[in-house]
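Got the viewer open and a coffee to hand? Let's take a walk through this one, one selection at a time.

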Amino acid sequence: MTTTTVVPKSARAVRRIRRRAAVGRFWASFRRERGGIAGLVILAVFVLLALTAPLLFSADHLKVTEATGAVLAPPTSGFPLGTDESGRSVLALVVWGSRVSLLVGIAATVISMAIGTLVGIGSGHFGGGLGSVLERVTDWFLVIPFLPLAIALATVLGSSLLNVIVVIGVTSWPGTARLVRAQTLSVEARPYLERARVLGGGHWHQMSRHVLPNVMPLVLANTTLTVAIAILSETTLSFLGLGDPFRVSWGSMLDSAFSNGAISAGAWWYLLPPGLCVVAVVLAFTLVGRALENVLDPRER
Amino acid sequence: MTVVDEKGSYQGARREDALLRVTEVQKYFPITGGGVLKRKVGDVKAVENISFDIVPGETLGIVGESGCGKSTAGRTVMKLLDPTAGKIEFEGRDITNLSRKEMVPLRREMQMIFQDPYSSLNPRHTVGAIISAPFKVQGVKPARGVQAEVQDLMARVGLNPEHFNRYPNEFSGGQRQRIGIARAIALRPKLIVCDEPVSALDVSIQAQVVNLLEDLQDEFRLAYVFIAHDLSVVRHISDRIAVMYLGRIMEIADAERIYDGPLHPYTHALTSAVPLPDPNAERGRERILLRGDLPSPINPPSGCVFRTRCPKAQDLCAEEIPLLRELAPGHYGACHFPEEKHLI
């Protein structure tokens, strides 16, 4: 044995060093995922657009009364993506719409993840009565067709941005719950949980100290996929007129394009930009999610 | 003194100062058919009517083939599994039907060491966090602070106290088992159930860990239930040994008697398989080979469960279950035809 005295670092310092190393390792393997990087770049562009929207186009651009362009005019130098039925710039609408779409997508995902993780860990950890009740509830939400449930909820709650977020959040968690439950069951079978029980560790100790840290990577990978679905759902609900009527989102743009005869008028500039943006963002989130899954899932390595 | 109850089964020589007393404990795992209603179609009879007691400072070895129910017995005694029938007493208190919450204070008194030193430590926690978990969980605040206590414990089990910030994957198997031991003794328990504590380790490391366990036993007057399949390790550490076969105790006696004068044919066969260091003795001795496999615990043989592999089996063995009875002073066996040459 060497006799060099190692100065013990504080627990926090050690944890910080290890965390930094773990992030470094993670980034090194994520960088190899080409699709993931492409998705990340697309996302960065959209996030930047959403954050800088007020700088690019003042909020006046969204006011119908302040519209300066002709009605449903094709792209010109003044309006690069043409105008809508009230003469507003479609480009400004698309840029501003990204704010709502991203906000709803991310906020709804946070709700969905929280419910899914809680229910998943709960149903995996508590065998017997409570566990099977939670599992049945998950099944119930899983088999109910999403759209009718979301439409019913949105109608009951009324149209507002918050309600759209809530509706999407409370209808999109069962997949996550299933995934988390499976992982919880696998963690629960590991001997260190039995050891925790021998020490007299309660349910909370077992779930927070042992199960949750082992489930988190999976939840994170799942998050990006859920964001994609949530954005699509927001577009769907807005297209059906269930979104916030006072805010422009890509879904509400598609809705008004459709109801104002943009299709029969051949106004492609009104339909394509929001549609393509939805496709691009959803694709980007999916690409990142798949890449994360590949990096974090040991079986895929 | 043999206590035989109305069912005619052994209750062990009762010792008044017993720390742990296990009386006719059974553990059945139900087998359910498919479908929603979970119709019960049978039982895996993992542990069947086992009885033993342990006094403070004593080591009871439990040996048997894999699948004989020795680990299930250890987990049932620890109340990690609820016994199907029987009675478990700890320091005279009946703990058989205590709930998980009611067991929590008792966890300070009875601890467990696990077989696999790799998977029984959470890879995401530092050694310091792992060893200090008992204090946190039980709400015990050592006078000198948790960290000083943890470092003391690490030194006590032969680990470098400066390594408390390391993670389990930075340690060898033997060191990991020492971490598990430090954690088990943290709250100064009176009883530790060791479930195959050395079978995952190299032979050279096994001896160190067994010696550590013995030192700790002397220091803290610990009682061990030492579950293992390695007969020479068990012989080394045990005061008394119980031999299990298919969920039942076949023979229970002082360690030396089990090895030098086994009365049950199964024990005899087991001990005859232990290699002897002396080549002449090795060449000259009789070796009993058991044919066949362990029967299914779902549908055990009638009468004596060992009869299907026993070289001495007769008609009686299929008809009547042999009871664990005192065949020689302090030496209990469950056999109709015990090895006569060892009967004194």
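Before the first stop, a word on helix geometry: axes are lines fitted to C-alpha atoms, for helices over the stretch in contact, and angles run from 0 to 180 degrees between N-to-C directions. Helices (H or I, at least four residues) and strands (E, at least two) are DSSP runs, numbered from the N terminus. This is a predicted model, where local features need pLDDT of at least 70, side-chain atom pairs count only at pLDDT 80 or more, and totals for chains, interfaces and linings use all residues. Residues are numbered from 1 along each chain as its sequence is written, while chains are lettered from A and ligands numbered from 1 in the order in which they are written.

**Stop 1: chain A on its own**

Hide chain B and colour chain A by secondary structure. You should find eleven helices and zero strands. The C-alpha atoms of chain A fit a box of roughly 80 × 55 × 30 Å along the principal axes. Of its 301 residues, 41% count as buried (20 or more other C-beta atoms within 10 Å of a residue's own, C-beta atoms being placed from the backbone).

**Stop 2: α9 and α10 of chain A**

Select residues 203-239 and 250-259 of chain A. These are helices α9 and α10, packed at an angle of about 35° with axes 7 Å apart. The crossing of α9(A) with α10(A) is right-handed (the near helix is turned clockwise from the far one by less than a right angle). Now show side chains: A:E234, A:T235, A:T236, A:L237, A:S238 and A:F239 of α9(A) meet A:W250, A:G251, A:S252, A:L254 and A:D255 of α10(A). Contact here means C-beta atoms, placed from the backbone, that lie within 7 Å. By class, this contact has four nonpolar, five polar and two charged residues. For the classes, Ala, Val, Leu, Ile, Met, Phe, Trp, Tyr, Cys and Pro count as nonpolar, Asp, Glu, Lys and Arg as charged, and the others, Gly among them, as polar.

**Stop 3: α5 and α6 of chain A**

Next, pick residues 146-157 and 161-171 of chain A. Helices α5 and α6 pack at about 145°, with their axes 10 Å apart, and their crossing is right-handed. On the α5(A) side, look for A:F146, A:L149, A:A150, A:L153, A:A154 and A:L157; on the α6(A) side, A:N163, A:V164, A:V166, A:V167, A:I168 and A:T171. How do these residues divide by class? Ten are nonpolar, two polar and none charged.

**Stop 4: over to chain B**

Bring chain B back. Chain B has eleven helices and twelve strands. Its radius of gyration (taken over C-alpha atoms) is 21 Å, close to the 20 Å from the globule rule (2.2 Å times the number of residues to the power 0.38) for 344 residues, so chain B is as compact as a globular protein of that length. Buried residues make up 43% of the chain B total.

**Stop 5: where the chains meet**

Show both chains: 22 residues of chain B are in contact with 18 residues of chain A. On the chain B side, β6 (110-113) and α3 (127-138) are the elements giving two or more residues. The largest share, five residues, comes from α3(B). That side of chain B holds ten nonpolar, eight polar and four charged residues.

**Last stop: confidence**

Colour chain B by pLDDT (the predictor's confidence in each residue, from 0 to 100). The average is 86, and 94% of the residues score at least 70. Then select residues 1-9 of chain B, where pLDDT is below 50. The model scores ipTM 0.77 and pTM 0.77.

Definitions and conventions: Two residues are in contact if their C-beta atoms, placed from the backbone, lie within 7 Å. A residue is buried if 20 or more other C-beta atoms lie within 10 Å of its own, exposed if 12 or fewer, and partly exposed in between; C-beta atoms are placed from the backbone.
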